[in-house]
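Visitor: I would like to go through the labels on this model and see which cut-off stands behind each one.
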Amino acid sequence: MRYIGDGTPWPEERSRKFVERQIDLFGERGFCLWKLAPRDGDGLIGFCGLQPLPEQEEIEIGWWLARAWWGRGLATEAARVALHDGFERVELRRIVAIAQPANTASVGIMRKLGMRFERIVEPRGIQVVMYAIEGGL
């Protein structure tokens with residue numbers, strides 16, 4: 001959670017609302033953040049997928065992994081699948097990603113995905129870099 005919001009763990013109620021939001025988002029738009037599980041299917045290692053970027057007219061790709069799973073290429077692998085899904089199935093034309101500038105691992109993933117730096121934004125008062133990629137039809 002170091003680079004999610006202000007870095008503090010979420011209380012149970014916020015976590016429950018997050019899951020409910022993803023279910024609602026999938027029902028409304030056909031996409032959301034997906035649960036990432038280990039190959040044996042037992043447990044939760046993180047999330048990856050698409051969601052509307054708050055306070056923007058953009059669709060964001062995002063990924064969160066538990067620290068024990070960092071450095072294995074899993075976020076990049078999941079993000080490539082989510083990008084493909086967004087451009088091919090959902091037929092988006094543009095997808096953005098944001099990260100706090102100190103989160104060099106996520107910025108590196110954005111670059112590996114072919115995303116390009118666009119600008120610095122401050123959703124919810126936290127400064128982040130925004131990268132974008134265009135694709136689709």
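Visitor: What makes the pair Arg 89 and Asp 85 a salt bridge?
Guide: The closest side-chain N and O atoms of Arg 89 and Asp 85 lie 2.7 Å apart. A salt bridge is a side-chain nitrogen of Lys or Arg within 4 Å of a carboxyl oxygen of Asp or Glu, so the pair qualifies. This is a predicted model: local features need pLDDT of at least 70, side-chain atom pairs count only at pLDDT 80 or more, and totals for chains, interfaces and linings use all residues. Residues are numbered from 1 along each chain as its sequence is written, and side-chain values use heavy atoms, with hydrogens and water left out.

Visitor: Why is Asp 85 called buried?
Guide: Its relative accessibility is 13%. Buried means under 20% relative accessible area, exposed over 50%, partly exposed in between (1.4 Å probe, protein chains only), so Asp 85 counts as buried. Arg 89, at 46%, is therefore partly exposed.

Visitor: What makes Arg 94 and Glu 58 a salt bridge?
Guide: Their N to O distance is 3.0 Å, which meets the cut-off. The pair links distant parts of the chain, 36 residues apart. Arg 94 is partly exposed because its relative accessibility is 21%, whereas Glu 58, at 13%, is buried.

Visitor: How do you know that Arg 119 forms a salt bridge with Glu 118?
Guide: The closest N and O atoms of Arg 119 and Glu 118 are 3.2 Å apart, so the criterion is met. Both residues belong to a network of salt bridges that also links Glu 58, Arg 94 and Glu 134.

Technical notes
Helix = DSSP H or I, 4+ residues; strand = E, 2+ residues; numbered from the N terminus.
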